[in-house]
Amino acid sequence: MGGPLPLGDPAPADGRLPDDLTIDPTTDFGVYLHVPFCRVRCGYCDFNTYTASELRGARQDDFADTLAAEVRLAGRVMDAAGPRRMASTVFFGGGTPTLLPPGDLARMLDAVRTEFGITDGAEITVEANPDTVDDAVMETLAAAGVTRVSVGMQSARPHVLAALDRTHNPANVATAVASARRAGLDVSLDLIYGAPGESLDDWRASLEAASVLEPDHISAYALIVEDGTKLARQIRSGAVAMPDDDLQADMYELADEVLAAAGYDWYEVSNWSRGVAHRSRHNLAYWRGTDWWGFGPGAHSHVAGLRWWNVKHPAAYAQRLAADESPAAARERPDETARRLESVLLRSRIREGLAVSELHGEGRKAVASLIADGLVEGPDAVRGRIVLTRRGRLLADAVVRALTA
């Protein structure tokens, strides 16, 4: 169920945005739809998700209507704050969105289309567990306007999936990809590396298995041990070993080599695509700091520098909306210094890089030494952009510390 929500200022019950908030109608607007349901809880997962036994009063079969009510409330809020903008990206995340009937997902998308509109050529993504989709599901999603599915592969090795508490049949990944292709959808595969007992050869096998399926996009994330998870408890008890930083670094380098050889270009530290057209436009909006509205339990939003987040439990979320109240738990408005630091953190992770002009003081002075240390691309820096080398991507946190000194 994830960690505690951040602290912030109280959010008004009607969801009204501050009167002095200035919304730029030319800024891209994205929509995130959080579906918080999972069949089982994976041992490493810290997301705001719930199995059937944890719902305590919330119902999956009511969820689409409840979320649609939040979308309608958001429409009223935006009418009072400034112009409504059409969504250029929509992302169904979770949890496991495909645990819901595809018709429910279509109704949620229709609510967004009705209240805000969706631009021509919008990217609309649904995360999917490979055990929960087939031709009929993919066809329904495509007919609803979905353009892209992100399939949770994680690994091709059964013992690695078991270490992660992933219960899907690895053979179903290929089946899911084939179904998506028949429906005309773009495909992304998500991988995780550094699980207990995973060797470099295991990781190579997963990379090659993913590449053979020829998805448009591949994400590869290092396993992180989050407080409060089953994995964290296992490590504390000595039942499993802490992920090895050196091995994870080797795995990252291997991923970059194997994926580059298969025709994939990195565009963010953990993401590769077959050309610019297949980059995740929704996630790029997060890294570039544009505006988005997050719907669903625990979802976060960012509009014109204001951030807010919803109550976490699906029952509390449904109760708020049944009373025609905003589900927002709290909000904050970071100052200029905090926004600048976040911009450096996020923009330095992407291939287009960070403008040198955004750096101040010691951060700007650090660029020359970062180039000398092989962490930042020299030619790009001369052209005014901070772009990480492969070694720089491995040490991205250290680069950010230097740039924000």
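Reading a predicted chain

Q: How much area does the chain expose, and what share do carbon and sulfur atoms supply?
A: Accessible areas come from the Shrake-Rupley method with a 1.4 Å probe, and for residues only the protein chains shown count as cover. Here the chain exposes about 17,300 Å², of which carbon and sulfur atoms supply 51%. This is a predicted model, in which local features need pLDDT of at least 70 and side-chain atom pairs count only at pLDDT 80 or more, while totals for chains, interfaces and linings use all residues. Residues are numbered from 1 along each chain as its sequence is written, and side-chain values use heavy atoms, with hydrogens and water left out.

Q: How many helices and strands does the chain have?
A: Helices (H or I, at least four residues) and strands (E, at least two) are DSSP runs, numbered from the N terminus. The chain has 15 helices and 15 strands. Its radius of gyration, taken over C-alpha atoms, is 21 Å. The globule rule (2.2 Å times the number of residues to the power 0.38) gives 22 Å for 405 residues, so the chain is as compact as a globular protein of that length. Along its principal axes the C-alpha trace spans about 55 × 50 × 45 Å.

Q: What percentage of the residues count as buried?
A: Buried means under 20% relative accessible area, exposed over 50%, and partly exposed in between (1.4 Å probe, protein chains only). Of the 405 residues, 52% count as buried.

Q: What share of the contacts joins residues 24 or more positions apart?
A: A contact means heavy atoms within 4.5 Å. Among contacts with a separation of 6 or more, residues 24 or more positions apart account for 72%.

Q: How many disulfides does the search find?
A: A disulfide is a covalent bond between the sulfur atoms of two cysteines. The criterion used is a pair of cysteine sulfur atoms within 2.5 Å, and a search of the whole structure finds zero. For Cys38, the closest cysteine sulfur is that of Cys45, 6.3 Å away, which is too far for a bond. Cys42 is likewise in no disulfide, its nearest cysteine sulfur, that of Cys45, being 6.2 Å away. Cys38 counts as buried at 13% relative accessibility, and Cys42 counts as buried at 12%.

Q: Is Ser88 buried or exposed?
A: Ser88 counts as buried, because its relative accessibility is 15%. The residue is found in strand E3 (residues 87-94). Leaving aside neighbours within four places in sequence, Ser88 is in contact with Asp28, Phe29, Thr119, Ala122, Glu123 and Arg281.

Q: Which residues of helix H9 are buried, and which elements do they pack against?
A: In helix H9 (residues 281-288), His282, Asn283, Leu284, Ala285 and Trp287 are buried. The elements that these buried residues pack against include strand E2 (29-35), E3, strand E4 (118-128) and helix H11 (336-347). Gly289, which follows H9, has a positive phi near 75°.

Q: Where does a positive phi appear in a residue that is not a glycine?
A: One of the cases is Arg56, with a positive phi of about 45°. Arg56 lies in the loop between E2 and helix H1 (63-81) and is exposed, with a relative accessible area of 60%. Asp324, also not a glycine, has a positive phi of about 60°; its place is in the loop between helix H10 (314-322) and strand E13 (328-332).

Q: Is the peptide bond from Gly94 to Gly95 cis or trans?
A: This bond is cis, with omega near 15°. Gly95 lies in the loop between E3 and helix H2 (102-115).
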